Amino acid sequence: MLRKNCVIYVRVSTEEQTKGYSLNGQERIDRDFAASQGYEVINVFREEGISAKDLNRPQLQAMMNWVREHTAEVDAVIFWKWERISRGTEYDYAVLGKFFEECKVIPLSATECNEDSPEGELLRWITKGTALYERRKISQRTSMGMEQKAREGIRPCKAPIGYKNYTMPDEKKIIVIDEATAPFIRKAFELYATGNYSLKRLGETLYYDGFKHPKTGEKFPPRKFEWMLKNSFYIGTVEYKGNYYEGKHEPLISKELFYQVQGMFGWKKPKSHNIFFPYTNMIKCIKCCEHKLSAEMQRGAHNSGEYIYYRCRCGCKAIKQEELDKVFIDMLEDIYIPPAEIEAMKNEARELLQAIKDYENSLESPVEMQKKIETIKSRIQKSYSDKLDGKLPYGMTEEDWNGMMANWASELNKLEIKLTERMEKSKILYDKLSLIMSFCNQLPELFRLATPQIKREIVQTCIRTLTYDGETLNIELFPIFYKLKYWKNVKNGAGDGVRTHEYRNHNPRP
């Protein structure tokens, strides 16, 4: 009798190994079946730790490719049960059917019906349907288990970077802070919140500080940092399928810092205009206690023009910018500075200006700092070129070179930040002093005619806190301005003049 050839395919998932469905056990049964049917085994493909939910499995694909290349030598493919081949959809079985037909090989189950008859075909389809049903039930049970873990405050998957999975002595699994990587996560949030760092620059800065990919040793890509900075797990919550639950793990950062960073991701520069919104991110929403009001432009009904509104992401009623302007003008109308105080203020401002000038002259000039920046950049570029050309100084190791580059990069980063801050702070100081010199008793008029930038400066100079609850805007002045209000009301014979400014949103934007 002519001897026939076959290949064997065995598969087991990680979970199934604990139930006795071992690869060796399946192979033994398949070999016994092959011998009983007169087949000689010429190859075996073993798939370990992979589900049969689809056909994208390394060893299954390897078996199919090998059979296609050796079609003339193979008569059958033997497996323990049909579920070893697939627990997928009808499409997967159609692909397998086409494969067996094209290669002219017979699929044979060592433990199920192989009869070539309508009844045998029916049994096979029942078997395949049962396998698909079992896979879906397993998936459903897994999903329910993961959701329950999330509801209990436990992340149902691997801990994100900054944390690590830990098994307690009693075999209980928890997530704890990874002291090796957590400081980098905190620093990433703090640096990005300054607004001075792009995601790319953030990655480069932390890379030179020692924050590297654990597998490749390279720096993390910008998209990874975006994922980290948007991950609410770091503030103590667990997200699963769009729902958020209070986690049992220790937060890495504060909610205030997290939402500050989220606000930066949500900000978009206007596309069709270049408008400065004077009060954006100045008014804190006390309805949600998490966000500050941001500006948006909306077109009025019947082409009545465009209007600026300030609203919170929590959905509370918006405030129109015109109404805010009226509130602040009313507040400024209450302020009065006696002539003697104005003269004293001018003298102090002159002295302060001179002190600032003397101080700045003692510092390193922006031109000198820029020269240093260019020098360091040139060193870094030359050092990279020398390394690529194999021209490192004699005796310098790879570790020495990496340390040198990290020091240069850190120094460059500090100089660039220092230069930026120096230029910005100088401008802010001179602008504020100039504003104070013109304050006097013309505040309401100045405010009405001021640019949006100057309006913002005036409000920030006078007001300590602005809060809004969806109905009322509450204003807390700096103490000195309560004194100025007192002088105004004494002058008008209206008592001590101490009252709280508030704006009630009678006609809010829906």
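1. Arg448 is partly exposed, with a relative accessible area of 44%. In this predicted model, the residue forms a salt bridge with Glu333, and the closest N and O atoms are 3.3 Å apart. Glu333 belongs to helix 11 and Arg448 to helix 15 (residues 443-449), so the pair ties together parts that are 115 residues apart in sequence. Glu333 is itself partly exposed, at 33% relative accessible area.

2. Helix 11 (residues 321-333) also holds a salt bridge within its own length, between Glu323 and Lys326. The distance from N to O in this bridge is 3.9 Å. It falls inside the cut-off because a salt bridge requires a side-chain nitrogen of Lys or Arg within 4 Å of a carboxyl oxygen of Asp or Glu. The two residues are 3 apart in sequence, so about one helical turn separates them. Glu323 is partly exposed, with a relative accessible area of 26%.

3. A further salt bridge joins the side chains of Lys187 and Asp209, at 2.6 Å from N to O. The pair links distant parts of the chain, 22 residues apart: Lys187 is in helix 7 (residues 182-193), and Asp209 is in the loop between helix 8 (199-208) and helix 9 (222-229). Both partners are partly exposed, Lys187 with a relative accessible area of 32% and Asp209 with 33%. Across the whole structure, 11 salt bridges are found. As general background, side chains of opposite charge can pair when their charged atoms come close.

4. Charged residues also meet around helix 2 (residues 23-36), where Glu27 is placed. Glu27, Arg31 and Arg46 are linked in a network of salt bridges. The side chain of Glu27 makes a polar contact with that of Arg46 at 2.6 Å. Glu27 counts as buried because its relative accessibility, 13%, is under 20%. Leaving out residues up to four places away in sequence, Glu27 touches Val10, Val44 and Arg46.

5. A second buried glutamate deserves attention. Glu47 lies in strand 2 (residues 39-48) and has a relative accessible area of 2%. Its side chain has polar partners in the backbone: the nitrogen of Gln59 lies 2.9 Å from a polar atom of the Glu47 side chain, and the side chain reaches the backbone nitrogen of Leu60 at 2.8 Å. Apart from neighbours within four places in sequence, the contacts of Glu47 are Tyr9, Val10, Arg11, Val12, Leu23, Arg57, Pro58, Gln59 and Leu60. Val10 is thus in contact with Glu47 and is also touched by Glu27. The C-alpha atoms of Glu47 and Arg84 are separated by 9.4 Å, with their positions 37 residues apart along the chain.

6. Two loop residues merit a check of backbone geometry. Lys104 is not a glycine, yet has a positive phi of about 55 degrees. Asn281, likewise not a glycine, has a positive phi of about 60 degrees. In general, most residues other than glycine have a negative phi. Lys104 is in the loop between helix 5 (90-103) and strand 4 (106-109), and is exposed, with a relative accessible area of 68%. Asn281 is in the loop between helix 10 (255-266) and strand 9 (284-285), and counts as partly exposed at 45% relative accessibility.

7. The second largest pocket holds about 670 Å³ of space. Its lining comprises 28 residues, and those nearest the centre are Glu204, Thr205, Tyr207, Tyr208 and Ala409. Helix 7, helix 8, helix 13 (366-388) and helix 14 (398-439) are the elements that each give two or more residues to this lining. Helix 14 contributes the most, with 12 residues. By class, the lining of the second largest pocket has 12 nonpolar, 5 polar and 11 charged residues.

8. Finally, the overall fold may be summarised. The protein has 17 helices and 15 strands. It contains 510 residues, of which 38% count as buried. Among contacts with a sequence separation of 6 or more, 64% involve residues 24 or more positions apart.

Conventions
Residues are numbered from 1 along each chain as its sequence is written. This is a predicted model: local features need pLDDT of at least 70, side-chain atom pairs count only at pLDDT 80 or more; totals for chains, interfaces and linings use all residues. Side-chain values use heavy atoms; hydrogens and water are left out. Helices (H or I, at least four residues) and strands (E, at least two) are DSSP runs, numbered from the N terminus. Buried means under 20% relative accessible area, exposed over 50%, partly exposed in between (1.4 Å probe, protein chains only). A polar contact is a pair of N or O atoms within 3.5 Å; within protein, one must be able to donate a hydrogen and the other to accept it, and residues adjacent in sequence count only if both atoms are side-chain atoms. Contact means heavy atoms within 4.5 Å. On a 1 Å grid over the protein atoms alone, a cavity is a set of points where a 1.4 Å probe fits but cannot get out, and a pocket is an open set with protein on both sides within 12 Å along at least five of seven lines; lining residues have an atom within 4 Å of a point. Grid points are joined across faces, edges and corners, and a volume is the space filled by probe spheres set on the points. Ala, Val, Leu, Ile, Met, Phe, Trp, Tyr, Cys and Pro count as nonpolar, Asp, Glu, Lys and Arg as charged, and the others, Gly among them, as polar.
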